[in-house]
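Thanks for coming. I will go through one structure today, starting with its charged pairs and then moving on to a sheet and its surroundings.

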Amino acid sequence: MTETGGIVYLVGAGPGDAAYLTVRSRQLLAEAEAIVYDALIDESLLQLAPAGCQRIHVGKRGGQPSWQQADIDRLLVAQCQQGKRVVRLKSGDPFIFGRCTEEIQALKAARCPYEVIPGISSALAGPLLAGIPLTDPVMSHSFTVVTGHDCDRLDWETLTRTPTLVILMGTRQLDEILRQLLQHGKSPQTPIAIIRACGTSRQFIWTGTFADIRDRTRGESLSPAVMVIGEVVKLRDYLLPDSPSRRPLSPDSADAVSMSNYSSHAANSSPNSASDLTGKTVLVTRSAGQSSTFTEMLTDAGATVIEMPALEIRPPSSWESLDSAIARISEFDWLILTSANAVDYFCDRLLAIGKDTRILAGVKIAVVGKKTAATLQQRSLTADYIPPDFVADSLVEQFPEDVSGQKILFPRVETGGREVLVAEFTTQGAIVEEVAAYESGCPEAIAPEAWKALQQRRIDIVTFASSKTVRNFCQLLDRQSRSGDRSWQSLLNNVRIASIGPQTSKTCYELLGRVDVEAEEYTLDGLLQALLSKGEGIY
């Protein structure tokens, strides 16, 4: 370690999706204080880092603006010398065309500690995910991997004799690659596969021969891609699993297949089949630093998910009122918890001041929502009452007993919460004591990957699980656009607005002018079902 305690991890990100990260890589991302990443990194990986992690994009994509290697070297050294845990995130494996040598030399020269973490190279993962084995007892006793970045440096005579050839970074040179191989003796009928964006929901595969592959891919964006050349390409027809969702994309390109259609959900072809979201990109607004179960649900349903932290949950400005209420907890008849945040902050505070949940033995607990109830159960507590409609207003309307004269403790968000619950209970004669258990605010800036996706109009659906996320979403876009005229709303012209329930929808109408999808059951699962049930009728 340096005196400041910094260290640089050169991490292989694998082919794309977080599912193909190593356990060690995922752990380091979760602990990173700075991530230096290239253009080929799937943006979903950045969401595994803590909310306060600095994310630095350095390009490294052919034909696009990129940092010079010397500048990247200096950046890594500087970040390490500031005492940070730095993840240098590289696509695939760091030692396969990853230019690690220069970066390691710079770190060694500056006496900065480092560690190299292996990753799955796209040269291996791409063919596998396309159903193409690189070796076969009959067709291929070996394979060769090269980069097509500089065709003049390749030994084409030797490459022509290799049974299976894998080419990375070669789609811009496709014509020259085919010309060289044909010139050195390959047959025009040699099989070839081009696998774009392997290991992500954008994966797409074209197969053909030297004679027709240019026609099959004409007008298509091929990069980034892995090319596989050799007889083993023919084996994919025998090795890919049979699936009802496997289908040609057009009559004249029967071998062009989107791998996002190879879904484990294909066997379940019910009306609410998860394939309804296949090919859709969903922007999920959520709390910064909190894991998103909803993201996992959407991903399982076939969607590509981009997370946009739109809430920051933090301690209240003072613990005084909550501590005082906890000290007098035996005075209360009911404890009302309307969110998972309220459960967590209340229970954590109990432990922080030397108490535990046993002091709640004489207090009945009411919660709003399945998620809140589940969070309570994780604390070994069971709710005495959960309203059927999963909203705070329903809690008052259908409360199981007369509250007149009863004392109710209501730990809640410090500012910005709805006042209906307190007002209604007070009207019915209850004595309600509100205490600040946590605070929620708007992040300082929009997540770069979310803003980029909106600008590029890659978002199909944006989801909101609370009124506050709607307000903060608009506030973040106002800040980012800096125009003051809400011109950013044009970015949502073809985007579907999805709301978890009536109160959130009301705010959507106020600030965004519409709601396209509203959950019938006001839960995340209900929101997912609403998205699935709409199907192609709305998307």
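**Salt bridges, a sheet and a patch**

D516 and R514 form a salt bridge, with the closest N and O atoms 2.4 Å apart. Bear in mind throughout that this is a predicted model. R514 counts as partly exposed because its relative accessibility is 23%. Elsewhere, D38, R88, K90 and E103 are joined into one network by salt bridges that share partners.

How many salt bridges does a search of the whole structure find? The number is 26. I will show two others. D356 and R358 meet through their side chains, at 2.8 Å from N to O. Their exposure is as follows: R358 is exposed, at 67% relative accessible area, while D356 is partly exposed, at 24%. In the other pair, E331 and R328, the closest N and O atoms are 3.4 Å apart. Here E331 is partly exposed at 38% relative accessibility, and R328 is partly exposed too, with 24%.

Now the sheet. In what order do its strands lie? There are 5 of them, arranged β3-β2-β4-β1-β5 in an open sheet, and the pairing is parallel. At the edges are β3, residues 54-57, and β5, residues 114-117, each pairing on one side only. The average turn between neighbouring strands is 15°, direction ignored.

Taking one pairing in detail, β2 (residues 34-37) and β4 (residues 85-90) run parallel over 4 bridges. Within it, Y37 of the model stands opposite L89 in β4. Helix α2, residues 69-81, lies across β1, β2, β3 and β4, and runs at about 150° to β4.

Staying with β4, R85 is found in this strand. Is R85 buried or partly exposed? It is partly exposed, because its relative accessible area is 25%. Leaving aside neighbours within four places in sequence, R85 is in contact with several residues, including I7, Y9, L28 and A34. The C-alpha atoms of R85 and L29 are separated by 9.6 Å, the two residues being 56 apart along the chain.

Last, the surface. Which residues form a nonpolar patch there? They are Y20, I120, L124 and F143, which together have about 330 Å² of accessible area. Of these, I120 is found in the loop between β5 and α4, and I120 counts as partly exposed, with 37% relative accessibility.

That is the last slide.

Conventions. Residues are numbered from 1 along each chain as its sequence is written. This is a predicted model: local features need pLDDT of at least 70, side-chain atom pairs count only at pLDDT 80 or more; totals for chains, interfaces and linings use all residues. Side-chain values use heavy atoms; hydrogens and water are left out. Two strands pair if DSSP finds at least two bridges between them. Helices (H or I, at least four residues) and strands (E, at least two) are DSSP runs, numbered from the N terminus. Axes are lines fitted to C-alpha atoms, for helices over the stretch in contact, and angles run from 0 to 180 degrees between N-to-C directions. Contact means heavy atoms within 4.5 Å. Patches are made of residues with over 30% relative accessible area and no salt bridge: like charges are joined within 9 Å, nonpolar side chains (Val, Leu, Ile, Met, Phe, Trp, Tyr) within 5 Å. Accessible areas come from the Shrake-Rupley method with a 1.4 Å probe; for residues, only the protein chains shown count as cover. A salt bridge is a side-chain nitrogen of Lys or Arg within 4 Å of a carboxyl oxygen of Asp or Glu. Buried means under 20% relative accessible area, exposed over 50%, partly exposed in between (1.4 Å probe, protein chains only).
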